[in-house]
2 protein chains.
Amino acid sequence: MNAKVSHLGEIALVARLLERIGSTGTPVGPGDDAAALEITPGRWLLATTDILVEGVHFRSDWAEAWQVGYKSLAVNVSDIAAMGGSPTYALISLALPGELSAAWVEGFYQGLERCALRWGIKIVGGDTVAAPQVVVTVTLLGEVEAGRALTRAAGRPGDILAVTGDLGAAAAGLHELENPGPVSSAARSSVLRRHLLPAPRVREGAILAGTPGIGAVIDLSDGLARGAWEVATACGLGAEVYAERLPVSAFTREVARGHGRDPLEWALYGGEDYELLFSVRPSEFAALRDRIRNACGTPVTAVGCLLPREAGIVLCRGQSRLTLGKGYEHFRSTYG
Amino acid sequence: MNAKVSHLGEIALVARLLERIGSTGTPVGPGDDAAALEITPGRWLLATTDILVEGVHFRSDWAEAWQVGYKSLAVNVSDIAAMGGSPTYALISLALPGELSAAWVEGFYQGLERCALRWGIKIVGGDTVAAPQVVVTVTLLGEVEAGRALTRAAGRPGDILAVTGDLGAAAAGLHELENPGPVSSAARSSVLRRHLLPAPRVREGAILAGTPGIGAVIDLSDGLARGAWEVATACGLGAEVYAERLPVSAFTREVARGHGRDPLEWALYGGEDYELLFSVRPSEFAALRDRIRNACGTPVTAVGCLLPREAGIVLCRGQSRLTLGKGYEHFRSTYG
């Protein structure tokens, strides 16, 4: 017990917590994108929470206050989307340094309201305290028809693994913020927007919740590699992901060229794309892809498949086969 | 708009937020101890959140990890108690430095579980991130019969203002931690416990919710002066508080003597007592006091009354009459 938090890593810490609190007797308990609670007959209440820390999740010199406000709510909306639910009520907790400008706080609330308006969310409470740095905690409630919640554990061997939208754009935006490269202004503004103002896939999640043959669903907050590992692990299965199949936009490729980087690395390990990764029976895939494209204008791409456990969790790239680890971990990467 | 957060103070910041988000169409919206949401016919869902910051709300050299875990949930239980509700589900967000020991985190969870078990709460989710300092955010849900939620705005002129338990003990404990005085070990351990392990008044709140003639209710997190000011302001009324009537325990008085301090100052401005302050029709007071004492063993003391607005909000002490201000404010006191 002399280990430090940085040695354990986030996944081990969360696993330790889950082990302690164990099964809660709720339809979907700790460990999924959101908890599902049986409160009303026929409807499940969803609940999720996320912390954003200045200097870790955002930098005030890179993001305007309203963008921080918008994103802090949007990342929670993405968790509700990954359950197939609709967001409803939010509580906002703010730790603020005394020397912060009141204008920053005002801007933060404006961004928060903009996101709340976009998704029909009511902000019903919160807390405000003094602290040496800005820490934002948002708790978001939502709802979904009873029994319809999407979980990360319901995949079956043979399911296709698919993603909405495209990957790596948020990481491209982060690199542009850190060190602007020789890229077109259209590419720059596109990837910055993807990093600063994520678009949660609420309508796409609702379609998944209403489609037969959907298995596991997760939102990609930490890159496809981590997401695929989490889904396969939660299902107790193996998986193969085909790197060449990952959807990467022309803008992301342009920014990667400008930075001399590999866009597939961003798609696999970059994080913060907030696309949905899900598994679906092969017989349902084509119809589902068309349905989401027609209803939302969002592309859906098959990137791999779930396999029996013995197959391991493997990334296939060209001729090489890499067994996937846990991907990005907050503690190790920041403090390791 | 060049003002800083420390100039505005917490109350102005919160008022500004409330002004922005305005009425939400919920039975009890932002600004009360908890929000009340109409989700199930006949029952209201309650939701509240609190942030605790290391160095502001707790110090790791004064409080053991399990005490921090216990208290971080207990202060939220107190908010649900002040609505007359029962706590149900909690979400826990932790920002942790990488150099923190894993044993601290383990201890924190143990304290959290202990409080959850005490009040029948299920921990259903959370988030864990890296940060330079420990920040704990707890969101707690609860429930109350529809229409029965206690609010801080329902007091009427002529109501008696009363408190449960006794006041100033948590502040006495804080002073003992900061600078141990010449006091008996019984007094020391009593006031330390009151500071470190607050006992939320859930059963007392439930009795208030079931009693006719109850007006405004609030939990005392920031001292009686601030609480009385908040209740009177929320009701749009005046109030008088009689300092000599404030209940202060023999242990608190002993610690105050040992420190050369005035225990009434702690009772008025010390905070963190988590007793309930409520208003009640004078005709109901005696029966209610007996009911709470018989059911819970908790004393109830009349400390003042609500008056028409023109009377102002006044603290009467001996011959002097002091118009009450806003009491303790996090930003000003910490950074002012």
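Two strands count as paired if DSSP finds at least two bridges between them. With that in hand, strand β3 (residues 86–96) of chain B is a good place to start in this predicted model. β3(B) and strand β4 (residues 122–130) of chain B are joined by eight bridges and run in the parallel sense. Within that pair, L91(B) sits opposite G125(B) in β4(B). β3(B) also pairs with strand β5 (residues 135–145) of chain B, again over eight bridges, but here the strands run antiparallel. In this second pairing, A90(B) faces L140(B) of β5(B). As for cover, β3(B) is mostly tucked away, with 10 of its 11 residues buried. One general point helps when looking at any such strand: if it is regular, its side chains alternate between the two faces of the sheet.

Chain B also has a hairpin worth a look. Strand β1 (residues 35–40) of chain B pairs with strand β2 (residues 43–53) of chain B in the antiparallel sense, over five bridges. One of the matched pairs is T40(B) with R43(B), the latter belonging to β2(B). Just two residues lie between the strands of this hairpin, and G42(B) takes a positive phi near 90°.

Next come the helices of chain B. Two packed helices are described by the angle between their axes and the distance between the axes. For helix α5 (residues 185–196) and helix α8 (residues 250–259) of chain B, the angle is about 105° and the axes are 9 Å apart. An angle of 65 to 115 degrees counts as roughly perpendicular, and α5(B) and α8(B) are therefore roughly perpendicular to each other. On the α5(B) side, the contact uses A186(B), A187(B), S190(B) and V191(B), while α8(B) brings F251(B), T252(B), E254(B) and V255(B). Sorted by character, the residues where α5(B) meets α8(B) come out as five nonpolar, two polar and one charged.

Over in chain A, the overall count is 11 helices and 12 strands. Chain A has 336 residues, and 61% of them count as buried. Among the contacts in chain A with a separation of 6 or more, 83% link residues 24 or more positions apart.

Seven of the strands in chain A make up an open sheet with mixed pairing, in the order β7-β9-β6-β10-β8-β11-β12. The edges are β7 (214–219) and β12 (320–323) of chain A; each has a single partner strand, so one side of each has no neighbour in the sheet. From one strand to the next, the twist averages 25°. Inside this sheet, strand β8 (residues 238–242) of chain A runs parallel to β11(A), and four bridges link the two. There, E240(A) is found opposite V314(A) of β11(A). Helix α6 (residues 202–209) of chain A packs on the sheet and touches β6 (160–164), β7 and β9 (276–280) of chain A. The direction of α6(A) makes about 15° with that of β9(A).

α6(A) has a helix partner too. It packs with helix α10 (residues 282–296) of chain A at an angle of about 145°, and the two axes are 10 Å apart. The crossing of α6(A) and α10(A) is right-handed. From α6(A), the contact takes in R203(A), E204(A), I207(A) and L208(A); from α10(A), the residues are L288(A), R291(A), I292(A), A295(A) and C296(A). The tally for the contact of α6(A) with α10(A) is six nonpolar, no polar and three charged.

Two single residues of chain A round things off. G312(A) lies in the loop between β10 (300–307) and β11 (313–317) of chain A. With a relative accessibility of 26%, G312(A) counts as partly exposed. Not counting residues up to four places away in sequence, G312(A) touches G238(A) and A239(A). Although G312(A) and A239(A) are 73 residues apart along the chain, their C-alpha atoms are separated by 6.4 Å.

H259(A) belongs to helix α8 (residues 250–259) of chain A. The cut-off for buried is under 20% relative accessible area, and H259(A), at 19%, is therefore buried. Leaving aside neighbours within four places in sequence, H259(A) is in contact with H175(A), E176(A), N179(A), P180(A) and G181(A).

Methods: Residues are numbered from 1 along each chain as its sequence is written. Chains are lettered from A and ligands numbered from 1 in the order in which they are written. This is a predicted model: local features need pLDDT of at least 70, side-chain atom pairs count only at pLDDT 80 or more; totals for chains, interfaces and linings use all residues. Side-chain values use heavy atoms; hydrogens and water are left out. Axes are lines fitted to C-alpha atoms, for helices over the stretch in contact, and angles run from 0 to 180 degrees between N-to-C directions. Angles under 35 degrees count as roughly parallel, over 145 as roughly antiparallel, 65 to 115 as roughly perpendicular and the rest as oblique. Contact means heavy atoms within 4.5 Å. Ala, Val, Leu, Ile, Met, Phe, Trp, Tyr, Cys and Pro count as nonpolar, Asp, Glu, Lys and Arg as charged, and the others, Gly among them, as polar. Buried means under 20% relative accessible area, exposed over 50%, partly exposed in between (1.4 Å probe, protein chains only). A crossing is left-handed if the near helix is turned anticlockwise from the far one by less than a right angle, and right-handed if clockwise.
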